[in-house]
Amino acid sequence: MSDGESQAQAPLSERELQVIELVAAGLTNQDIAEKLEISKRTVDNHISNILTKTETENRVALVRWALQWGKVCLDEVNCCTLPPYNPNGNGAST
């Protein structure tokens with residue numbers, strides 16, 4: 001499967017993106033549940049859905065995927081912010 005096909009999957013929800021950030025930060029499912037004030041079972045379900053959507057097999061592969069696609073920032077790695085889109089094409093908003 002090509003990289004382009006990977007991006008054609010179901011989009012991640014805002015909550016799933018939050019969970020990915022916390023997984024990348026090294027939190028356990030129980031820690032994530034406490035931080036987001038949801039049940040551990042809900043976190044387990046989110047993780048399962050995320051792994052399916054990203055076609056990753058485990059948390060390590062998920063973090064690698066998230067870094068590759070710019071979904072997380074770890075220790076100032078992968079943290080560049082892009083300028084806002086400007087349809088005039090000059091990169092600056094007017």
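1. A residue counts as partly exposed when its relative accessible area falls between the limit for buried, under 20%, and the limit for exposed, over 50%. Aspartate 44 has a relative accessible area of 28% and is therefore partly exposed. This note concerns a predicted model, and the points below should be read with that in mind.

2. Aspartate 44 takes part in a salt bridge with lysine 40, in which the closest N and O atoms are 3.1 Å apart. Both residues belong to helix H4, where they stand four residues apart, about one turn of the helix. In general, an α-helix has 3.6 residues a turn, so residues three or four places apart point the same way. Lysine 40 is also partly exposed, its relative accessibility being 38%.

3. How many salt bridges does the structure hold? There are two. Besides the pair just described, glutamate 16 forms a salt bridge with lysine 53, with a distance of 2.9 Å between the closest N and O atoms. Glutamate 16 lies in helix H2 (residues 14-24) and lysine 53 in helix H4 (residues 40-54), so this pair ties together parts that are 37 residues apart in sequence. As for accessibility, glutamate 16 is buried, at a relative accessible area of 5%, whereas lysine 53 is partly exposed, at 22%.

4. Glutamate 16 is one of the buried residues of H2; Leu17, Val19, Ile20, Leu22, Val23 and Ala24 are buried in that helix as well. Against which helices do the buried residues of H2 pack? They pack against H3, H4 and H5. After H2 comes glycine 26, which has a positive phi, near 95 degrees.

5. The largest nonpolar core has 19 residues, and those that touch the most other members are Val19, Ile20, Val23, Ile32 and Leu62. Two or more residues of this core come from each of H2, helix H3 (29-36), H4 and H5. The greatest contribution is that of H2, which gives six residues. Valine 19 may serve as an example: leaving aside residues up to four places away in sequence, valine 19 touches Ile32, Leu36, His46, Ile47 and Ile50.

6. The packing of H4 and H5 deserves separate comment. In general, two packed helices are described by the angle between their axes and the distance between the axes. Here the axes of H4 and H5 come within 11 Å and cross at roughly 60 degrees; the two helices are therefore oblique to each other. The crossing in which H4 passes H5 is left-handed. On the H4 side, the contact is made by Ile47, Ile50, Leu51 and Thr54, and on the H5 side by Arg59, Leu62 and Trp65.

7. Glutamine 30 has its place in helix H3. Is glutamine 30 buried or partly exposed? Its relative accessible area is 38%, so glutamine 30 is partly exposed. Glutamine 30 and lysine 40 are separated by ten residues in sequence, and their C-alpha atoms are 5.4 Å apart in space. Lysine 40 is the residue already met in the salt bridge with aspartate 44.

8. A final point concerns aspartate 75, which is found in the segment after helix H5 (59-68). With a relative accessible area of 76%, aspartate 75 is over the 50% limit and therefore exposed. Its C-alpha atom is separated by 9.7 Å from that of alanine 25, although the two residues are 50 residues apart along the chain.

Technical notes:
Residues are numbered from 1 along each chain as its sequence is written. This is a predicted model: local features need pLDDT of at least 70, side-chain atom pairs count only at pLDDT 80 or more; totals for chains, interfaces and linings use all residues. Side-chain values use heavy atoms; hydrogens and water are left out. Buried means under 20% relative accessible area, exposed over 50%, partly exposed in between (1.4 Å probe, protein chains only). A salt bridge is a side-chain nitrogen of Lys or Arg within 4 Å of a carboxyl oxygen of Asp or Glu. A nonpolar core is a set of buried Ala, Val, Leu, Ile, Met, Phe, Trp, Tyr and Cys residues joined through side-chain atoms within 4.5 Å. Contact means heavy atoms within 4.5 Å. Axes are lines fitted to C-alpha atoms, for helices over the stretch in contact, and angles run from 0 to 180 degrees between N-to-C directions. Angles under 35 degrees count as roughly parallel, over 145 as roughly antiparallel, 65 to 115 as roughly perpendicular and the rest as oblique. A crossing is left-handed if the near helix is turned anticlockwise from the far one by less than a right angle, and right-handed if clockwise.
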